[in-house]
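Student: Please take a close look at one part of this model, a sheet and the contacts around it. Add whatever else helps to place that part in the chain.

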Amino acid sequence: SAGRPSSASPGRVRTAESERSASSASLPGAMAPPVNRRRGVERKGLGLRATGLPLLAAALYITATSVLSLAGQCVDALRGSLQGHAAFLAVQGAPRQGRRVLHVMHAAAFPAKTGATFPARTGFPAAKPGAQFPAKVGGGVGSSGLLSVDVFEIPPGLLHGRLWECPADGVKNTAGQEGLWKIRKIRAFKTFVIQDLFKGPSTAVPDEPDCRELTEIDLDPEEYARVVASLIRRATRLRRDRKERWSKHMGMDVRLENVFTYRGFSNNGRSLVRVAIESSAVTPEAINLGFLKASQPAAAALVGMKVMPIGKEKFDKIWIVSACNTDGHALTEEIRAKLLGFAKDAEMKMMLYSAPVGEMLISASADSWEPAHLRKNYTFVASALRPKLSLHATSRLQGLEGWPAGVSAFPLKQMMITSAQRQTIIQDELDWAVSKLQWKKLLKRETQGGATEFRTLEPPLLVFAKGGTAKADTLGASTWTSLATKGVHYLNPDNTNVRLVGIILGSNDPNDLKIAGVVLPAIQKRITSAGITVSGTNIIEVTQANLNDLAKVLAQAGVGPGDAVLLFGPKGLGSVRSEKIREGLKNECFRAGEGQMHVASQWFSIEKTAWQKVGKVSAMLAEQDAAIMNCAAGLLAKLGHTPWGISGGQWAKDSSRRQVVVAGLDVCHLTRGAAARSTFSRGRAHIVAGTRISSHFPETQPEVFGKFEAQMEHAPGESMPYSIIKRLIPPPFASGRVVVVHREGKFNPDEIRAFEDYKDHLDASTAFVLVQVIKERGGVPRMYMGTSSPSAKGVAAMLTPKHAVLVSTVPSIGSPTPLEVELRQIIGNVDPIMEKDGWLRSVYDLSFMHYSSLYRKTRLPSTTHFADRLAYMLAQAGDDPEVSGSMGDTSSQQYWL
């Protein structure tokens, strides 16, 4: 907890620096020291006893009195040419009592089951329950009852040091000058150089002759804001006195850290900085990717994963794995010898000597807002990278050969902080930066009633048959009641008579058959009440052995185009295999009806506690009935029907009588199949998933959205060229209409030019409204209602007239994570209401269209949410990219749900 004294130094507060020294403490005496037999090293007491090469022993045991000063510094990046890539190997280790110790841990030291005890390292403070922050909130937090956002106004006059503008490629000599600091990406092809006053007065000037001195008045409000944000970022990165939070997980002490993001921008001539925090658990060094055996499944699972290098300062950030390769590019003695030739010091050689032959080499780049093709990639040995302890990461690693079975995701509840705590942390960080930078003026939070505009968007109407409507904020059982009484918004006339088959997957438990016998008739009853005729039902059981051939599973069930299957997943499958089978069967169901109606599939998890009560209670429980309604609504959409439409209201009505339609685009990375077997250079294929949403009744209800279409295409890289945009948003869909395009992430300049070119080839009345929807947790500022979270969804803070932070959902626990929504560009002519806030309302309104989620709306609009879901389904199914090209679809079946 904050301010807890270290056991090693009573009365001293632990800081980030002290963790590294504590990490090399010995294991408890009651436990046998873990042995890494591959490396021939046994850890015992404070040092290491070498059982392998004498040279390795010498490299692992270096005293502080030697000529090398190792003092906990991370090894500088080793850059060299290895198979056409920059090579980088990070050193694992930490100084302790004047010795350099390499941390190694054998998989046997990890428990066989989740929840078992991991060896605790002495020197770590014990985690204490209760509040980790001051209970009293200080100044600078939101005023009582008013909306506020983590955006702060920057006063003028903060640039005390002299400032120069230099050519981007002409500041190499300046980089090492004492008292100067470089700031990039303020102006194109320029680098700013400013006197560094953080450590005291500076009189340094750049050595470059082509630098031009600037004053604050030479900067526009946006440039000034970005320079100030860079200074705050640099100052807070150097902070070492933060109070830390610790928690217990898997029997180990885990440090919780807050990662701050600062971005400067301007609005109406004002300079502002937005601040965001992402709380994360710092994975202990003992849990690293070195446990994995080099294999193609491991390579496929790692691509795209967020990892943390073992090191400090320079590498204290999140990295993204871009490629893995095990075919001839794992570490060998020959490669080791080549890399040793690049090594400049004993630290690097120590790491090279200790890495085992056959360990994977992993290419990764620092996580940033830059496109992936512009990021610098470095190569790490697997043992130098730690996975984030997220549910997504741990589930991908489970079952891979060599990975310890006991590694589990860190509970999100243990990382959560309240809104009041979040505001206090941010204010404390900014106050510290202001003090260290010697600024006399404070930054002021943007609050309701001030210059920043706050809006509350009303939820849209759900539209059923014959004009029946209901409020979208009443999602739940009442939505099904409206559906059953007012009628399904659109019934596909080609699929109103279906067969319903239940498939129990790999279960030997007779109770599973009993549960399926209750669920299947209940689903049939719900679907029938919606106007669908179910011609027959039956249940079949599939053995574990037959699950290896998913096509045979469907053949055994005897289902065909237009039929529906309920897939019952028992507990015995395990979460990883269940996910793979579920997505694989979805893909098989899609293929079974390729070119015509698909087979609709719905997964049903019967291992949940509520279903284990079947036969023990006389009536169906409320939670059981809720699951039945969710599945029934999802099946209706997968059969090609639209349970309800969404009325877009005035923003979806064009004064020129053009139809307003919406498309969603998402560039995804396929890391399985042929992509995972590619060369060491990239190791993934780029897939662009697209959705199109329009009206089933354009003549009578043009503003009601309910008709879905989907398409997937291969892209040559991160960007979408003209040819792909034309296929994803074809001329019959776009020409003569107002097309609102939601893109998950940012449009790049090439994509905007492609849309401009595309418009020139369509009807002159066509218009494109390009909207960026960004969902990253760490980079979006949070909103508050006083010192609490906003109590209602639909609240937006307008950072600029074309840039908003939107709270689209309010979770049951924790504070809401907003979306960042920006109107990037309008190509063509649109009504004023579309330009004012129609682009923002389109994102919020279409987040009420997830038909397999009656009780909870999605944070993202259905456009980008479903596009992302499409690509994920394909990746999990394990298809080669060549097969995925056939996934274009013009039917109304939402098979991805």
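Tutor: A residue is called buried under 20% relative accessible area and exposed over 50%, with partly exposed for values in between. On that scale Met416, with a relative accessibility of 37%, is partly exposed. The model is a predicted one, and the same scale is used for the residues below.

The sheet to look at is an open one of four strands, ordered E11-E12-E10-E13, with antiparallel pairing. Its edges are strand E11 (180–184) and strand E13 (212–214); each has a single partner strand, so one side of each lacks a neighbour in the sheet. On average, neighbouring strands here are turned by 30 degrees against each other, direction ignored.

Strand E10 (residues 163–167) and strand E12 (residues 190–195) are joined by five bridges in the antiparallel sense. One residue pair to find in the view is Leu163 with its bridge partner in E12, Ile194. Helix H3 (residues 221–237) packs on this sheet and touches E11 and E12, its direction making about 125 degrees with that of E11. As background for reading the faces, side chains in a regular strand alternate between the two faces of the sheet.

Arg187 takes part in two salt bridges that involve these elements. In one, its side chain meets that of Glu165 at 2.6 Å, N to O. That pair connects distant parts of the chain, with Glu165 in strand E10 and Arg187 in the loop between E11 and E12, 22 residues apart. Glu165 has 9% relative accessibility and therefore counts as buried. In the other, Arg187 is paired with Glu223, and the closest N and O atoms are 2.8 Å apart. Here too distant parts of the chain are linked: Glu223 belongs to helix H3, while Arg187 is in the loop between E11 and E12, 36 residues apart. At 11% relative accessibility, Glu223 is also buried. Through Arg187, then, the E11–E12 loop has a salt bridge to strand E10 and another to helix H3.

Some other parts of the chain can be set beside this one. The count of salt bridges comes to 27. Among them is the pair of Glu820 and Arg274, whose side chains meet at 2.8 Å, N to O. Glu820 is in strand E40 (residues 819–827) and Arg274 in strand E16 (residues 270–282), so this link spans 546 residues of the chain. Both ends count as buried, Glu820 at 3% relative accessibility and Arg274 at 6%. Shared partners also join the salt bridges of Arg239, Asp241, Arg242, Asp428 and Glu429 into one network.

Elsewhere, strand E19 (residues 361–366) has five of its six residues buried, so the rest of the structure largely encloses this strand. E19 pairs with strand E20 (residues 377–381) in the antiparallel sense, over five bridges. Within that pairing, Ser363 has Thr379 of E20 as its bridge partner.

To return to Met416: this residue lies in the loop between helix H7 (391–397) and helix H8 (419–436). Together with Leu412 and Ile813, Met416 forms a nonpolar surface patch with about 280 Å² of accessible area.

How values were computed:
Residues numbered from 1 in each chain as written. Predicted model: local features only at pLDDT ≥ 70, side-chain atom pairs only at ≥ 80, totals over all residues. Heavy atoms only, no water. Buried < 20%, exposed > 50% of the residue type's maximum accessible area, 1.4 Å probe, protein only. Helix = DSSP H or I, 4+ residues; strand = E, 2+ residues; numbered from the N terminus. Pairing = 2+ DSSP bridges. Patch = residues over 30% accessible without salt bridge, like charges linked within 9 Å, V, L, I, M, F, W, Y side chains within 5 Å. Areas by Shrake-Rupley, 256 points an atom, 1.4 Å probe, with all protein chains shown as cover. Salt bridge = Lys/Arg side-chain N within 4 Å of Asp/Glu carboxyl O. Axes fitted to C-alpha atoms, helices over the stretch in contact; angles between N-to-C directions. Contact = heavy atoms within 4.5 Å.
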